[in-house]
Amino acid sequence: MNKKILIIGSRGMLGQDMAKFLADFNLILWDQPEIDITDQNQINSKIKNLKPDIVINCAAYTDVDGCETNQDLAMQVNGSAVGYLAEITKKLDAILIHISTDYIFNGQNKDGYEEDSQEIGPLNIYGQSKLKGELLLQEKIDKYYLIRTSWLYGKNGKNFVETMLKLAQENDSLKVVNDQFGKPTLTIDLARQIRYILDNNLDFGSYHIINETQTGGISWYDFTRKIFELAEIKINLQPCTTAEFSRPAQRPAYSALINTKLPQLRNWQEALSEYLEKVK
Ligand SMILES: NC(=O)c1ccc[n+]([C@@H]2O[C@H](COP(=O)([O-])OP(=O)(O)OC[C@H]3O[C@@H](n4cnc5c(N)ncnc54)[C@H](OP(=O)(O)O)[C@@H]3O)[C@@H](O)[C@H]2O)c1
């Protein structure tokens with residue numbers, strides 16, 4: 001396969017797995033410092049010279065609490081930069097794949113959100129900045145895949161599973177919130193599914209890629225209980241409320257993504273089990 005694919009954010013958690021799943025293409029891997037996606041001149045000249053067939057944007061400012069204090073940076077990296085990427089990708093008649101999040105929704109629907117749900121309403125700056133990116137993408141280019149995902153964990157990044165395993169080493173007891181619901185997703189499963197979209201030339205548009213859970217998702221507490229069960233960790237684990245665990249950024253109570261367009265991924269327990277046994 002000689003298609004030229006540019007992955008931006010290639011040293012991030014998803015970017016690294018994405019590269020593995022596309023290793024048979026002509027791959028170009030950029031992250032900082034090779035490119036700063038907030039610099040439109042740099043984007044235009046570098047990507048124009050490269051002439052990729054497909055650009056996959058895995059770059060983002062993903063520190064949800066950090067976005068509250070660095071609002072301008074969040075809006076630039078997660079918002080404006082997506083518009084710059086869309087403009088140059090369109091000029092080259094290439095395809096843009098962009099990754100977004102469950103946090104663009106309003107967090108009130110207990111059943112979750114389908115791809116075309118209009119229940120938009122981010123509760124924090126991270127979500128607002130990612131929504132800005134989505135809107136610019138849709139405004140500026142037709143040949144796009146907008147991939148929403150949630151609660152990512154994987155081998156190559158700071159993530160919730162690792163945080164819980166570390167906390168378990170340092171504490172005899174732990175409280176975890178039991179009133180925020182979503183769908184944990186393993187980065188290799190997400191990367192595999194993006195590859196599936198490309199291999200099958202699916203229609204352009206929005207897709208939800210998540211490991212399957214019961215309707216409405218699971219709570220962080222449910223997720224943690226399973227992590228400790230599978231890792232055979234004995235600890236006094238207690239559920240708590242969001243109100244007890246104050247954070248700078250407000251989180252949605254219900255943010256389960258519903259996939260109606262793609263074959264289902266395996267369920268979250270299987271993915272977690274593989275991660276704990278093999279991937280780590
Ligand atoms: N993590 C989650 O739970 C989650 C959930 C839903 C959706 N998502 C979305 O999934 C995608 C991948 O997330 P991830 O967790 O793999 O992210 P990540 O590990 O934080 O990686 C993001 C990468 O983007 C790079 N980057 C940041 N600013 C940049 C800039 N101005 N120019 C170029 N590169 C820049 C980062 O470099 P530095 O490290 O040097 O900053 C990093 O290598 C993102 O779009 C994210 O919003 C993530």
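This dialogue walks through a helix contact and a sheet in a predicted model.

Biologist: How do helix H1 and helix H7 cross, and at roughly what angle?

Modeller: To read a helix pair, one looks at the approach of the axes and then at the angle between them. Here the axes of H1, residues 13-21, and H7, residues 187-199, come within 9 Å and cross at roughly 50°. That angle lies neither under 35 degrees nor in the range of 65 to 115, and H1 and H7 are therefore oblique to each other. As for handedness, H1 passes H7 in a right-handed crossing.

Biologist: Which residues make the contact, and how do they divide into nonpolar, polar and charged?

Modeller: One lists the residues from each helix and then sorts them by character. From H1 the contact takes Met-13, Leu-14, Asp-17, Met-18 and Phe-21, while H7 brings Thr-187, Ile-188, Leu-190, Ala-191, Arg-192, Ile-194 and Arg-195. Of the residues in this contact between H1 and H7, eight are nonpolar, one is polar and three are charged.

Biologist: What is the order of the strands in the open sheet, and which are the edge strands?

Modeller: A sheet is read across its strands, from one edge to the other. This open sheet has six strands in the order E2-E1-E3-E4-E5-E10, and the pairing is parallel. Its edge strands are E2 (26-30) and E10 (205-208), each of which pairs on one side only. On average, with direction ignored, neighbouring strands of the sheet are turned by 20° against each other.

Biologist: How many bridges join strand E1 to E2, and which residue of E2 does Ile-5 stand opposite?

Modeller: Strand E1, residues 4-8, runs parallel to E2 and is joined to E2 by five bridges. Ile-5 stands opposite Leu-27 of E2.

Notes: Residues are numbered from 1 along each chain as its sequence is written. This is a predicted model: local features need pLDDT of at least 70, side-chain atom pairs count only at pLDDT 80 or more; totals for chains, interfaces and linings use all residues. Axes are lines fitted to C-alpha atoms, for helices over the stretch in contact, and angles run from 0 to 180 degrees between N-to-C directions. Helices (H or I, at least four residues) and strands (E, at least two) are DSSP runs, numbered from the N terminus. Angles under 35 degrees count as roughly parallel, over 145 as roughly antiparallel, 65 to 115 as roughly perpendicular and the rest as oblique. A crossing is left-handed if the near helix is turned anticlockwise from the far one by less than a right angle, and right-handed if clockwise. Two residues are in contact if their C-beta atoms, placed from the backbone, lie within 7 Å. Ala, Val, Leu, Ile, Met, Phe, Trp, Tyr, Cys and Pro count as nonpolar, Asp, Glu, Lys and Arg as charged, and the others, Gly among them, as polar. Two strands pair if DSSP finds at least two bridges between them.
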